[in-house]
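The report below follows the strand pairing, the charged pairs and the nonpolar surface of one chain. Please keep the sequence and the coordinates at hand while reading.

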Amino acid sequence: NGSPYGISSAVGQEMTNPVAYVQTRLGNYNWSDDFVGNAYLEFKPIEQLTFRSTVGGKIAYWGGDFFTPVYYLSATVGTSQNSFSRNLNKGFGWNIENVVSYDDSFGKHNLTVLLGQG
């Protein structure tokens, strides 16, 4: 009667054919693209003192296409109407880090000081 995968419309807890279920999901896919990068600038005004500034960013795109055909697998698993959906998402993130370090020797002693902000 047009329901080749289901057993009966009267039984609510019947098992469905897993191969038939997979056939209802063909053509669905998700995708994503990420672009990540960073750059830094470092300089030494004197030999013991170092400044470093770093900036980084990430641009992300992700989404998917989904198609569901008309199908009947059991009394509780099925649909009587085709459906299609598409989604697209975008994201952007960035960070800045600044570090100052001082490194010096005094006779038999070494001194290192590090300050950072992120």
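Which residue in strand 5 is the bridge partner of Gly 64? The partner is Asn 87, and a second bridge to strand 5 joins Phe 66 with Ser 85. As the model is a predicted one, these pairings should be read as properties of the prediction.

**The sheet**

The strands in question belong to an open sheet of 4 strands, whose order is 1-2-5-6 and whose pairing is antiparallel. Strand 1 and strand 6 stand at the edges with a single partner strand each, so one side of each is left without a neighbour in the sheet. From one strand to the next, the twist averages 15°.

Within this arrangement, strand 2, which covers residues 49-68, and strand 5, which covers residues 83-106, are joined in the antiparallel sense over 20 bridges. Strand 5 also pairs with strand 6, made of residues 109-117, again in the antiparallel sense, and here the pairing runs over 9 bridges. One of the bridges to strand 6 has Val 99 and Gly 116 as partners. The hairpin formed by strand 5 and strand 6 has 2 residues between the strands, and in this hairpin Gly 107 takes a positive phi near 65°.

**Salt bridges**

The structure holds 3 salt bridges, which are set out here with the separation between N and O atoms.

| Basic residue | Acidic residue | N to O distance |
|---|---|---|
| Lys 58 | Asp 34 | 3.8 Å |
| Arg 52 | Glu 42 | 3.2 Å |
| Arg 86 | Asp 65 | 2.7 Å |

The salt bridge of Lys 58 with Asp 34, whose closest N and O atoms are 3.8 Å apart, links distant parts of the chain, since Lys 58 lies in strand 2 and Asp 34 in strand 1 (residues 29-46), 24 residues apart. Lys 58 is partly exposed at a relative accessible area of 38%, and Asp 34 is likewise partly exposed, with 47% relative accessibility.

The side chains of Glu 42 and Arg 52 meet in another salt bridge, and this pair too links strand 1, which holds Glu 42, to strand 2, which holds Arg 52, across 10 residues. Glu 42 counts as partly exposed at 43% relative accessibility, while Arg 52 is partly exposed with a relative accessible area of 33%.

Are the two members of the remaining pair, Arg 86 and Asp 65, buried or exposed? Arg 86 counts as exposed, at 62% relative accessibility, whereas Asp 65 is buried, with a relative accessible area of 9%. Their side chains meet in a salt bridge at 2.7 Å, N to O, which links Arg 86 in strand 5 with Asp 65 in strand 2, 21 residues apart.

**The nonpolar patch**

On the surface, Phe 35, Val 55, Ile 59, Phe 92, Trp 94 and Ile 96 make a nonpolar patch of about 650 Å². Strand 2 and strand 5 each supply at least two of its residues, and strand 5 gives the most, with 3 residues. Ile 96, one of the patch residues, lies in strand 5. Ile 96 is partly exposed, having a relative accessible area of 37%, and it can therefore belong to the patch, for which over 30% relative accessible area and no salt bridge are required.

How values were computed:
Residues numbered from 1 in each chain as written. Predicted model: local features only at pLDDT ≥ 70, side-chain atom pairs only at ≥ 80, totals over all residues. Heavy atoms only, no water. Pairing = 2+ DSSP bridges. Salt bridge = Lys/Arg side-chain N within 4 Å of Asp/Glu carboxyl O. Buried < 20%, exposed > 50% of the residue type's maximum accessible area, 1.4 Å probe, protein only. Axes fitted to C-alpha atoms, helices over the stretch in contact; angles between N-to-C directions. Patch = residues over 30% accessible without salt bridge, like charges linked within 9 Å, V, L, I, M, F, W, Y side chains within 5 Å. Areas by Shrake-Rupley, 256 points an atom, 1.4 Å probe, with all protein chains shown as cover.
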